[in-house]
Amino acid sequence: QLVHPETGKPLAWGSAGDFWEITGQKAFEWSDRIVGGPNPGDSWCICMWATASLIERVGCENVHLRCDATDVKFVLSRYHDGGQSLHAAHKCLLEKCMPSA
């Protein structure tokens, strides 16, 4: 989840800032495309390596995940993506999406 569902404003991911600030893409922020038509929402899919990298940078507690929109079993079946270890993503997904596991 990248934007607040009611305001459409970027969500903070801890003290590091919002998704676009953390990833160095603030100049290209596309919040308007996320909340706009034809399929308005508050989230955007990002790849496994980017997710793992973000979790490492800001901590699991500051990451906004949509467990019901994530193929958790697939991510857990992979160890690396794009040269990035998925260990941090595994830990966070288990914590947030499968707390009884």
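A residue counts as buried under 20% relative accessible area, as exposed over 50%, and as partly exposed in between. With that scale in hand, let's walk through this predicted model, beginning with its charged pairs.

Lys26 has 37% relative accessibility, so Lys26 is partly exposed. Its partner Asp18, at 6%, counts as buried. Glu29 also pairs with Lys26, and at 28% relative accessibility Glu29 is partly exposed. Together, Asp18, Lys26 and Glu29 form a network of salt bridges. The structure holds 3 salt bridges, set out here:

| Salt bridge | Closest N and O atoms |
|---|---|
| Lys26 and Asp18 | 2.6 Å |
| Glu29 and Lys26 | 2.8 Å |
| Arg66 and Asp42 | 2.5 Å |

Arg66 sits in the loop between H3 and H4, while Asp42 sits in the loop between helix H2 (31-35) and H3, so this pair ties together parts 24 residues apart in sequence. Arg66 is partly exposed at 33% relative accessibility, whereas Asp42 is buried, with a relative accessible area of 10%.

Now for the nonpolar side. The largest nonpolar core has 24 residues, and those touching the most other members are Leu2, Trp13, Phe19, Trp20, Ile34 and Ile55. Helix H1 (19-22), H3, H4 and H5 each supply at least two residues of this core. Beyond its neighbours within four places in sequence, Trp13 has contacts that include Leu2, Phe19, Leu54 and Val58, and also Asp18, the buried partner of Lys26.

Helix H5 (residues 87-97) has as its buried residues Ala88, Ala89, His90, Cys92, Leu93 and Cys97. These pack against helix H3 (48-58) and helix H4 (72-76).

Note on methods: Residues are numbered from 1 along each chain as its sequence is written. This is a predicted model: local features need pLDDT of at least 70, side-chain atom pairs count only at pLDDT 80 or more; totals for chains, interfaces and linings use all residues. Side-chain values use heavy atoms; hydrogens and water are left out. Buried means under 20% relative accessible area, exposed over 50%, partly exposed in between (1.4 Å probe, protein chains only). Helices (H or I, at least four residues) and strands (E, at least two) are DSSP runs, numbered from the N terminus. Contact means heavy atoms within 4.5 Å. A nonpolar core is a set of buried Ala, Val, Leu, Ile, Met, Phe, Trp, Tyr and Cys residues joined through side-chain atoms within 4.5 Å. A salt bridge is a side-chain nitrogen of Lys or Arg within 4 Å of a carboxyl oxygen of Asp or Glu.
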